[in-house]
Amino acid sequence: MGITITPLNSGFCTSNPKTYHYHPSTHKYYANVSGEDRRLPVFCYLLNTGSELILVDTGMADSDRANRYHHPGSEQLPDQAMPRAVEKAGYRVEDISRIIFTHLHWDHTFYMKEFSNAKYYAQKKEYEFALNPLPLYYKSYEYQWLGLEAPFLGCEFQLLDGEEEIVPGIRVYPTPGHSPGHQAVEVDTGDGTYHLVGDAVFLMDNFKPIPEIGYDVTPSARFVSLTDWWESVREIKRRCPNMDMILPTHEPALVERFAKTLVLGG
Ligand SMILES: [Zn+2]
């Protein structure tokens, strides 16, 4: 049996299509781009190698914190807090041996300390930026200037520098742009290789070309570097031409897909 992937939704975060999901230059090519906020899921992925349980991200905070400090209208049901979600899926929190973080934003790292037997993995670039972010990203990283304590504060990380194998069949590669040290995770399964791409894109629409303006992708509106973002999305498409094998964190269509398919790979 190969590695399996169990998607676990940590809740729903609201965000605005115009200021987050679609770059201003693309708005007129998408009928669904409105000023109305959209509810996006916040998926984490539990990888079962047969001998180890590995999480990719630990998801968003509780509703109160998410609403107060981040995106009003966000919601996390008690069973969606990642430690509870892991238990509900039939696993034990203490059996998670590693956690790979796509990046260190608040909605990808919450509750990480509860997984006390896990080794934490992040790109070195991401970790360094997270400890001292630009003011524009204080909220994203729950920087202490706001009077908050970031979920990752005081944690020891295995810091990665570029492409690396974590265990056989599970590899990371850099996909900067959304954040400075963002990374994607490749997972070899019986179905082929899935790419867990975090927030390298918000929506699968971000992979679509817009031929009218010569774009080979649909850029998002929230990034630290759009040139890095663009190259990262090209790299994901190059490595994974089959879009069904690409699993971002926030794509709403995944909610229905994962309701029918509880475990991928095998
Ligand atoms: Zn996110």
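A pocket, as the word is used here, is an open set of grid points with protein on both sides within 12 Å along at least five of seven lines. With that in hand, here are some exercises on this predicted model.

**Exercise 1. Describe the second largest pocket: its volume, its lining and the elements that contribute to it.**

Solution.
- Step 1: start with the space. The second largest pocket holds about 350 Å³.
- Step 2: look at the walls. Its lining has 20 residues, and Y20, H71, W106, S140 and R222 are the ones nearest the centre.
- Step 3: find the elements. Those giving two or more residues to this lining are β1 and α4 (106–109), with β1 giving the most, three residues.
- Step 4: sort by class. The lining divides into eight nonpolar, eight polar and four charged residues.

**Exercise 2. Do the same for the largest pocket, and find which element gives the most to its lining.**

Solution.
- Step 1: the volume of the largest pocket is about 450 Å³.
- Step 2: its lining is made of 19 residues, with P7, L8, N9, F258 and L262 nearest the centre.
- Step 3: two or more residues come from each of β1 (4–15), α3 (82–88) and α7 (253–260). The most come from β1, which gives five.
- Step 4: by class, this lining has 13 nonpolar, four polar and two charged residues.

**Exercise 3. Find the residues that the UniProt record assigns to a domain, and say how far apart the ends of that span lie.**

Solution.
- Step 1: the unreviewed UniProt entry places the feature "domain: Metallo-beta-lactamase" at residues 41–250.
- Step 2: take the end C-alpha atoms of residues 41–250; they lie 5 Å apart.
- Step 3: for the make-up of the span, count 20% helix and 25% strand.

**Exercise 4. Is D57 buried or exposed, and what is the sign of its phi?**

Solution.
- Step 1: locate D57 in the loop between β3 and α2 (63–70).
- Step 2: its relative accessible area is 2%, so D57 is buried.
- Step 3: recall the usual case. Most residues other than glycine have a negative phi.
- Step 4: compare. Phi of D57 is near 70°, a positive value.
- Step 5: look at a further example. E142 is not a glycine either, and has a positive phi of about 50°. E142 sits in the loop between α5 (124–131) and β6 (157–160) and is buried, with a relative accessible area of 0%.

**Exercise 5. Describe how the rings of Y138 and W145 are arranged, and decide for each residue whether it is buried or exposed.**

Solution.
- Step 1: a pair of aromatic rings is described by the distance of the centres and the angle of the planes.
- Step 2: for Y138 and W145 the centres are 5.5 Å apart and the planes make an angle of 40°, a tilted pair.
- Step 3: Y138 counts as buried because its relative accessibility is 16%, under the 20% limit. W145, at 64%, is exposed.
- Step 4: widen the view. The whole structure has 15 aromatic pairs, and F101, Y120, Y127 and F157 form one aromatic cluster.

**Exercise 6. Which rings have R39 and R239 over them?**

Solution.
- Step 1: the charged end of R39 sits over the ring of F12, 4.4 Å from the ring centre.
- Step 2: R239 lies over the face of Y173, 3.8 Å from the centre of that ring.

Technical notes. Residues are numbered from 1 along each chain as its sequence is written. This is a predicted model: local features need pLDDT of at least 70, side-chain atom pairs count only at pLDDT 80 or more; totals for chains, interfaces and linings use all residues. Side-chain values use heavy atoms; hydrogens and water are left out. UniProt positions are given in the numbering used here, feature names are shortened, and annotations may be inferred rather than shown by experiment. Helices (H or I, at least four residues) and strands (E, at least two) are DSSP runs, numbered from the N terminus. On a 1 Å grid over the protein atoms alone, a cavity is a set of points where a 1.4 Å probe fits but cannot get out, and a pocket is an open set with protein on both sides within 12 Å along at least five of seven lines; lining residues have an atom within 4 Å of a point. Grid points are joined across faces, edges and corners, and a volume is the space filled by probe spheres set on the points. Ala, Val, Leu, Ile, Met, Phe, Trp, Tyr, Cys and Pro count as nonpolar, Asp, Glu, Lys and Arg as charged, and the others, Gly among them, as polar. Buried means under 20% relative accessible area, exposed over 50%, partly exposed in between (1.4 Å probe, protein chains only). Rings of Phe, Tyr and Trp (its six-membered ring) pair if their centres lie within 6.5 Å; planes under 30 degrees apart count as stacked, over 60 as edge-to-face and the rest as tilted. A charge sits over a ring if NZ of Lys or CZ of Arg is within 6 Å of the ring centre and within 35 degrees of the ring normal.
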